[in-house]
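The following explanation is meant to be read with the model open alongside the text. Please keep the sequence at hand as well, since the account moves from confidence to strands and then to enclosed and open spaces.

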Amino acid sequence: MPRPFSTASSRQAIAAPAIDFSTTDRLPPPNVQNARVVPASPSYFSGRPDFTDNLLSLEALLRKYQRLPTVAPGQAPRVAWRTVSQYRLLVGEPVRASKYHQVIEVLKRLNQIHPAVMPADLHAAMQIYKRDVNPYAVLKRPAIIDTDGRACGIGRRKSSSAKVYLVQGEGEVLVNGKSINDIFGRIHDRESALWPLKATNRVDKYNVWALVSGGGTTGQAEALTLGTAKALMVHEPDLKPALRRAGCVTRDPRRVERKKPGKLKARKMPAWVKR
């Protein structure tokens with residue numbers, strides 16, 4: 001005969017009794033050896049837990065106070081933030097400069113909140129990243145025109161550097177004591193070297209005497225661009241907006257990316273062969 005299917009009464013007979021959690025006397029004692037230590041922060045399992053916690057806390061403060069009134073970026077209080085090396089010593093972690101740049105960007109946005117409504121907890125959180133110096137005491141040394149009427153400007157591009165002396169004249173240009181046509185064979189390089197003067201229609205009003213070193217002709221020509229623009233702004237500071245629109249004021253930080261092992265160049269991989 002087949003065994004009959006179990007009924008509700010039979011299930012009640014074999015079921016375990018319900019646990020009464022109101023009384024803890026019957027519960028088994030905890031086993032300390034099998035206990036698991038839970039880290040205080042979820043970032044513990046990342047490569048840089050302190051940096052991750054700092055970035056997340058700053059982003060949380062930004063979301064919390066993003067609707068507060070702000071001031072223009074040029075009117076925000078001047079602050080000297082910690083450098084990446086100082087921040088590495090603070091947290092004791094190998095933080096990359098590009099990662100620390102994310103922290104600085106959030107701090108700059110928080111610093112734009114109007115000082116009259118700055119919350120106390122936000123001020124205390126930002127204080128950790130400030131250097132103990134007076135930012136208003138560090139002033140840029142003003143460029144001057146010497147007794148001979150010369151203004152000096154220094155420009156750099158890649159591994160090239162240029163020191164440019166600009167004086168009022170008829171448009172003569174000497175680079176390392178030679179004509180610009182002898183130094184730069186390409187027309188593009190000659191145009192780049194004198195682009196600040198051409199963009200402001202000052203080619204025939206100033207004489208240029210420059211010393212260039214390092215790198216190649218393209219780097220030296222673009223270093224001359226920055227050096228000439230700086231020297232020209234000493235003579236005529238009102239030309240800075242025009243020079244900025246012409247792209248002559250900002251230093252170009254781009255460099256050649258280094259070659260990696262196992263690759264033909266910086267990123268080029270050798271041709272894949274099946275056999």
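Over residues 8–12 the pLDDT stays under 50, and for this stretch the model has one contact beyond four places in sequence. Where pLDDT is low, the predicted coordinates should not be read in detail. This caution matters here as the model is predicted, although the chain as a whole averages a pLDDT of 88, and 89% of the residues score at least 70.

The sheet offers a convenient way into the rest of the model. Five strands make up an open sheet with mixed pairing, and their order across it is 1-2-5-3-4. Strand 1 and strand 4 (178–179) are the edge strands, each of them pairing on one side only. Strands of a sheet pair through backbone hydrogen bonds, either parallel or antiparallel. Between strand 1 and strand 2 (residues 160–168) the sense is antiparallel, with seven bridges, and strand 2 in turn runs antiparallel to strand 5, to which eight bridges join it. Individual partners can be picked out along these pairings: C152 stands opposite Y165 in strand 2, while V164 has A210 in strand 5 as its bridge partner.

The edge strand 1 can be followed residue by residue. Along strand 1 (residues 151–157) the side chains alternate, such that A151, G153, G155 and R157 point to one face and are buried, whereas C152, I154 and R156 point to the other face and are not buried. Strand 1 and strand 2 form a hairpin with two residues between the strands, and in this hairpin K158 takes a positive phi near 55 degrees.

Which residues line the largest cavity? Its lining consists of V173, V175, I180, A193, L194, V208, A210, L224 and T228, so that A210, already met as the bridge partner of V164, appears again in this setting. A search of the whole structure finds one cavity of 30 Å³ or more, and the space within the largest cavity comes to about 30 Å³. Strand 3 (173–175), strand 5 (206–213) and helix 9 (217–235) each contribute at least two residues to its lining, which by class comprises eight nonpolar residues, one polar residue and no charged ones.

The open spaces come next. The largest pocket has a volume of about 660 Å³, and among the 21 residues that line it, K140, R141, A143, C152 and V234 are the closest to its centre. Two or more residues of this lining come from each of strand 1 and helix 9. In the lining of the largest pocket there are 14 nonpolar residues, one polar residue and six charged residues. C152 thus links two parts of this account, being the residue opposite Y165 in strand 2 and one of those closest to the centre of the largest pocket.

The second largest pocket has a volume of about 210 Å³, and of its 14 lining residues the closest to the centre are E222, T225, G247, T250 and D252. Here too strand 1 and helix 9 are the elements that give two or more residues to the lining, and helix 9 supplies the largest share, three residues. By class, the lining of the second largest pocket has four nonpolar, four polar and six charged residues.

Technical notes
Residues numbered from 1 in each chain as written. Predicted model: local features only at pLDDT ≥ 70, side-chain atom pairs only at ≥ 80, totals over all residues. Heavy atoms only, no water. pLDDT = per-residue confidence, 0-100. Contact = heavy atoms within 4.5 Å. 1 Å grid on protein atoms, 1.4 Å probe; cavity = no way out; pocket = protein on both sides within 12 Å on 5 of 7 lines; lining within 4 Å. Points joined across faces, edges and corners; volume = space filled by probe spheres on them. Helix = DSSP H or I, 4+ residues; strand = E, 2+ residues; numbered from the N terminus. Nonpolar A, V, L, I, M, F, W, Y, C, P; charged D, E, K, R; others polar. Buried < 20%, exposed > 50% of the residue type's maximum accessible area, 1.4 Å probe, protein only. Pairing = 2+ DSSP bridges.
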